[in-house]
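Trainee: Please take one part of this model and go through it closely. I would like the surroundings of the ligand.

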Amino acid sequence: MKSLLKINNLSTHFHTEAGPIKAVNDVSFRIGEGETVCIVGESGCGKSITAMSVMGLVEGPNGRVVNGQILFDGKDLLQIGKEELRRIRGNDISIIFQEPMSSLNPVITIGKQIMEPLMLHQRLNKKQAYARTIELIELVGIPRAEQIASSYPHELSGGMLQRIMIAIAISCGPKLLIADEPTTALDVTIQAQVLETLRQIKEQSKMSMMLITHDLGVVAEMADYVIVMYAGKIVEQGGVVELFEHPKHPYTRGLLKSKPVIGQRLEQLYSIPGQVPNPLELVESCYFHDRCESCLPVCHTRQPQLKKSGDGQQVACWLYEEEAQYE
Ligand SMILES: Nc1ncnc2c1ncn2[C@@H]1O[C@H](COP(=O)(O)OP(=O)(O)OP(=O)(O)O)[C@@H](O)[C@H]1O
Ligand SMILES: [Mg+2]
């Protein structure tokens, strides 16, 4: 499968008064054409900052991509000019965030908010943009599109608003859609509908997707390939079936064990002991060692590198390295 996005050795740091935070630490992965790659991991492990780095949205007063390449269609997004990046962002790469309400303007009708980027990026006139808007609202599965177009955001439910966000995100026919926890704020039924909508659109348009979620149920349904992040690093990655059937990293296994199953009582639900490490206090070691059931002496002092461990699967863990036994 041809790569659409190829990230090589990406590191994004924040400089705070207390010291540097390595939010994304030497991360490499690829997304093929038409492929859905899910990024999973607990809160604070660097999922959103990875997405923001791709979108060129980290450049704040203290956050910066300090190293790496982000090759989109062969072009390094970190090297191109602001204008070209803006053009790619408006046409080829779109992002949906978790909170639709905060991304929409409360005093502008839904229709106008969908029309605006169509007129700006696709150079459609008003009439064409309106016709496309109605098509898009229907495409994301909302009935009575005309009526919805003349409504304001507060008149719509959360699930409808999230679908409007999807409509806006796909309106320019992006090659890559980045969705950061797109269904976390929704209830389960609506979540399933929104995911189904995304899947249908993906199938019709052969769009690639980077889907960020902490919900392994969503991963199982949507992913072709899975990236597991912990404390800013990838600890395991692989095809969805391989990863679910043969998780290798103790962290991945812990995440899978904490996934609820039907019929299980809440108090029986497993949770990984301990907490993610303080990003300001990371020392040379496996960052997961103090929560790990299978920790070896070497894990306290040396960081394992991501290595091939199966067909397309890679893991960063001393358990799978022979030299660990001689430490
Ligand atoms: N503006 C900022 N200034 C300083 N540190 C930041 C900033 N934004 C993020 N971070 C830090 O970067 C790390 C990664 O954050 P990120 O938002 O990518 O996590 P996440 O995996 O998306 O978590 P969640 O599941 O909660 O959304 C965290 O340690 C976070 O505290
Ligand atoms: Mg996040």
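Mentor: What follows covers the shell around the ligand, its polar contacts and its burial. This is a predicted model, in which local features need pLDDT of at least 70, side-chain atom pairs count only at pLDDT 80 or more, and totals for chains, interfaces and linings use all residues. Residues are numbered from 1 along each chain as its sequence is written, chains are lettered from A and ligands numbered from 1 in the order in which they are written, and side-chain values use heavy atoms, with hydrogens and water left out.

Around ligand 1 (a residue is near if one of its heavy atoms lies within 4 Å) stand Phe14, Ile21, Ala23, Pro279 and the run Glu42, Ser43, Gly44, Cys45, Gly46, Lys47, Ser48 and Ile49. By class, 6 of these residues are nonpolar, 4 polar and 2 charged; Cys and Pro count as nonpolar here, and Gly as polar.

Three residues of that run make polar contacts, meaning pairs of N or O atoms within 3.5 Å. The side chain of Ser43 places an N or O atom 2.4 Å from an oxygen atom of ligand 1. For Gly44 the atom is a backbone N or O, at 2.8 Å from a ligand oxygen, and for Cys45 a backbone N or O lies at 3.2 Å from one. Taken alone, ligand 1 exposes 640 Å², of which the protein buries 66% (Shrake-Rupley areas, 1.4 Å probe).

Strand E2 (19–32) and helix H1 (47–55) each give two or more residues to the shell, and H1 gives the most, with 3 residues. These elements are DSSP runs, helices (H or I) of at least four residues and strands (E) of at least two, numbered from the N terminus.

Terms used:
Polar contact = N/O pair within 3.5 Å; in protein donor to acceptor, adjacent residues only side chain to side chain.
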